[in-house]
Amino acid sequence: MWIYEKKLQYPVRVSSCNPRLAKYLIEQYGGADGELAAALRYLNQRYTIPDRVIGLLTDIGTEEFAHLEMIATMVYKLTKDATPEQLKAAGIEDHYVNNDKALFYHNAAGVPFTATYIQAKGDPIADLYEDIAAEEKARATYQWIINMSDDPDLNDGLRFLREREIIHSQRFREAVEILKEERDKKRIF
């Protein structure tokens, strides 16, 4: 069913060890508006969405997993050579004590991932507006992380992810218009 190519959707590079930036990126790994929440939200919503746009949710949902893989790679590269003292200085000593340098689904403040992040109303238009909001929040978060970063190599990958959020938002907006048009068609029986 799947063909997996052992390469990231976009190359991930970092200039140096930087646990502080890794802490910020954890937000996009396990936070409410992060990549895991988006992937699960879209792949769950596709079961109650009309056939005309089901493929969009499938495509974007699976792409979000590719973004999750990029975030994991970024966090790994930013922390792999960090000392316990550097991790403590970055404010992620609690993560280190519980998980060493292994990734764990939580947000930047250390709050564990929860299924409450995955919204699904069952109304296709309401769900798509939720998806648009999720993409716009993720885009904003990527921009804020870029604003905090002094790593040009990392920022290149973050800009790629930010731009994909914009594209996803646009595609969801198009899907809303398709469904509104379909909803407003005259029905003759």
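**Figure 1. The enclosed space: this predicted model has 1 cavity of 30 Å³ or more.** Its volume comes to about 110 Å³. Lining the largest cavity are 14 residues, and those nearest its centre are Val75, Thr79, Ile92, His95 and Asp100. Helix 1, helix 3 (51-79) and helix 5 each hand over two or more residues to this lining. Which of the elements gives the largest share? That's helix 1, with 3 residues. Sorted by class, the cavity lining splits into 8 nonpolar, 3 polar and 3 charged residues.

**Figure 2. The largest pocket holds about 290 Å³ of space.** There are 12 residues in the lining, and the ones closest to the pocket centre are Ile3, Tyr4, Glu5, Lys7 and Ala66. How does the lining of the largest pocket divide by class? Count 6 nonpolar residues, 2 polar ones and 4 charged ones. Glu5 and Lys7, both among the residues closest to the centre, belong to the charged class.

**Figure 3. The second largest pocket comes in at about 210 Å³.** Its lining takes in 15 residues; closest to the centre sit Asp94, His95, His106, Ala109 and Gly110. Helix 1 (19-30) and helix 5 (93-99) each put at least two residues into this lining, and helix 5 chips in the largest share, 4 residues. By class, we're looking at 6 nonpolar, 7 polar and 2 charged residues around the second largest pocket.

**Figure 4. A close-up on His95, a residue that turns up in two linings.** His95 is one of the residues nearest the centre of the largest cavity, and it's also among those closest to the centre of the second largest pocket. Helix 1 and helix 5 appear in both places too: they each give two or more residues to the cavity lining and at least two to the lining of the second largest pocket.

**Figure 5. Stepping back to the whole chain, for context.** What does the secondary structure add up to? The tally is 7 helices and 0 strands, so from the N terminus on the elements read α-α-α-α-α-α-α. Along the principal axes, the C-alpha atoms fill a box of roughly 70 × 35 × 30 Å. The chain has 189 residues, and 40% of them count as buried. Among contacts with a separation of 6 or more, 78% come from residues 24 or more positions apart. As for the outside, the accessible surface is about 10400 Å², with 54% of it belonging to carbon and sulfur atoms.

Definitions and conventions:
Residues are numbered from 1 along each chain as its sequence is written. This is a predicted model: local features need pLDDT of at least 70, side-chain atom pairs count only at pLDDT 80 or more; totals for chains, interfaces and linings use all residues. Side-chain values use heavy atoms; hydrogens and water are left out. On a 1 Å grid over the protein atoms alone, a cavity is a set of points where a 1.4 Å probe fits but cannot get out, and a pocket is an open set with protein on both sides within 12 Å along at least five of seven lines; lining residues have an atom within 4 Å of a point. Grid points are joined across faces, edges and corners, and a volume is the space filled by probe spheres set on the points. Buried means under 20% relative accessible area, exposed over 50%, partly exposed in between (1.4 Å probe, protein chains only). Contact means heavy atoms within 4.5 Å. Accessible areas come from the Shrake-Rupley method with a 1.4 Å probe; for residues, only the protein chains shown count as cover.
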